[in-house]
Amino acid sequence: FSPENIKAGKAAPADLLEYWHNEFAKLNKEVAPEFKLEPMQDTASHKQWKLICNNFGGTKTYAAITIPKNVKGKLPMIFTVPPAGNYGYGFWKSSDAIHVTITVFDRLFAKQSDYLSFNSPVWYFYKGAEKRNTYYYYKSILGMMRVMDYAMTEIKEWDGKHLAAVGRSQGGGSAFIMAALNQKIQCVSADVPALCDHNARLANRRPGWPQLLDAKTTAANFAEDAQYFDAANFASFIKCPAVVSVGFYHTMCE
């Protein structure tokens with residue numbers, strides 16, 4: 001393998017970051033930020049909250065916040081998006097850092113059967129793949145941006161400096177997206193990042209999960225708009241140190 005010679009199937013849009021920051025400004029103008037912070041059951045080691053904020057179309061974005069107990073001084077903060085299929089509301093924890101786990105979903109699922117019903121007949125990662133503002137991840141990405149803004153402003157235990165974006169699979173691709181859109185993030189850890197190189201077929205390669213442009217439900221003209229959701233494109237704008245693990249024999253994400 002010669003990973004340094006791997007080229008994207010299609011070049012990143014010149015206005016990638018500008019597009020998303022403009023859409024975020026549009027969200028804040030048309031849907032004034034509203035946040036609801038609900039205390040959840042503490043554990044022996046952590047305080048826990050559920051965060052709910054509004055999004056386009058009357059939908060919501062959900063996040064879980066955990067803060068270690070009995071830690072002196074201010075703390076670093078980690079942003080995480082769960083891997084695909086993680087339908088529950090996970091309170092991910094770090095022993096010495098604030099952890100903000102942001103879901104991609106616009107609802108919570110009480111049980112797995114609800115999640116499976118939501119994904120029938122089309123999995124969420126293919127829903128609305130017709131144009132940019134109807135694709136499922138459109139509101140997910142804007143929700144990530146809104147939650148990050150809230151956390152950096154309102155979580156008083158944060159030290160005001162140290163930020164990380166961490167994730168695996170869907171979460172790994174999302175870590176690239178968050179770090180590109182939030183230049184205050186200082187380090188990235190992405191394990192087998194998904195959502196990458198949607199147009200890889202143009203370079204005679206198999207695209208990463210979810211093979212978006214291979215899906216029968218994806219519009220034939222979505223290839224250009226797909227570039228605005230391609231985590232590999234966001235990765236090219238990351239300026240902080242990153243640790244990325246890949247599986248060269250991995251047939252799902254890479």
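This short presentation describes helices, cavities, backbone features, salt bridges and a surface patch in one predicted model.

Good morning. The structure is a predicted model, in which local features need pLDDT of at least 70, side-chain atom pairs count only at pLDDT 80 or more, and totals for chains, interfaces and linings use all residues. Residues are numbered from 1 along each chain as its sequence is written, and side-chain values use heavy atoms, with hydrogens and water left out.

I begin with two helices. Helices (H or I, at least four residues) and strands (E, at least two) are DSSP runs, numbered from the N terminus. Helix α3 covers residues 136-154. Its 19 residues reach 28 Å from the first C-alpha to the last, close to the 27 Å expected at 1.5 Å a residue. The expected span is 1.5 Å times one less than the number of residues in the helix. How many of the 19 residues of α3 are buried? Buried means under 20% relative accessible area, exposed means over 50%, and partly exposed lies in between, with a 1.4 Å probe and protein chains only. In α3, 15 of the 19 residues are buried, so the helix is largely enclosed by the rest of the structure.

One residue of α3 is serine 140, which counts as buried at 4% relative accessibility. Serine 140 lies 7.4 Å from threonine 61, C-alpha to C-alpha, although the two are 79 residues apart in sequence.

Helix α4 has 12 residues and a reach of 17 Å from its first C-alpha to its last, close to the 16 Å expected at 1.5 Å a residue. Here 12 of the 12 residues are buried, so α4 is also largely enclosed by the rest of the structure. Among the buried residues of α4 are Gln170, Phe176, Ile177 and Leu181.

I turn next to empty space inside the model. Rolling a probe the size of a water molecule over the atoms shows where empty space is left. On a 1 Å grid over the protein atoms alone, a cavity is a set of points where a 1.4 Å probe fits but cannot get out, and lining residues have an atom within 4 Å of a point. A search of the whole structure finds 2 cavities of 30 Å³ or more. The largest holds about 40 Å³ of space, a volume being the space filled by probe spheres set on the grid points, which are joined across faces, edges and corners. Which residues line the largest cavity? They are Tyr135, Tyr137, Ile141, Ile177, Leu195, His198 and Phe229.

The backbone deserves attention as well. Most residues other than glycine have a negative phi, and most peptide bonds are trans. In this model, the bond from serine 120 to proline 121 is cis, with omega near 5 degrees. Proline 121 sits in the loop between α2 (112-118) and α3. Tryptophan 209 and proline 210 are also joined by a cis peptide bond, with omega of about 10 degrees; proline 210 belongs to the loop between β7 (187-191) and α5 (223-226).

Two residues illustrate positive phi. Asparagine 70 has a phi of about 55 degrees and lies in the loop between β3 (60-68) and β4 (75-81). Serine 169 has a phi near 60 degrees and is found between β6 (158-168) and α4 (170-181). Is each of them buried or exposed? Asparagine 70 is exposed, with a relative accessible area of 79%, whereas serine 169 is buried at 13%.

I now come to charged side chains. Side chains of opposite charge can pair when their charged atoms come close. A salt bridge is a side-chain nitrogen of Lys or Arg within 4 Å of a carboxyl oxygen of Asp or Glu. The structure holds 9 of them. In one, aspartate 42 and lysine 69 have their closest N and O atoms 3.8 Å apart. Aspartate 42 lies in the loop between β1 (35-40) and β2 (46-54) and lysine 69 in the loop between β3 and β4, so the pair ties together parts that are 27 residues apart in sequence. Aspartate 42 is partly exposed at 34% relative accessibility, as is lysine 69 at 27%.

Aspartate 197 pairs with arginine 205, with the closest N and O atoms 2.3 Å apart. Aspartate 197 is buried at 12% relative accessibility, while arginine 205 is partly exposed at 26%. In addition, Lys36, Glu38 and Lys50 are linked in a network of salt bridges.

Thank you for your attention.

Definitions and conventions: On a 1 Å grid over the protein atoms alone, a cavity is a set of points where a 1.4 Å probe fits but cannot get out, and a pocket is an open set with protein on both sides within 12 Å along at least five of seven lines; lining residues have an atom within 4 Å of a point.
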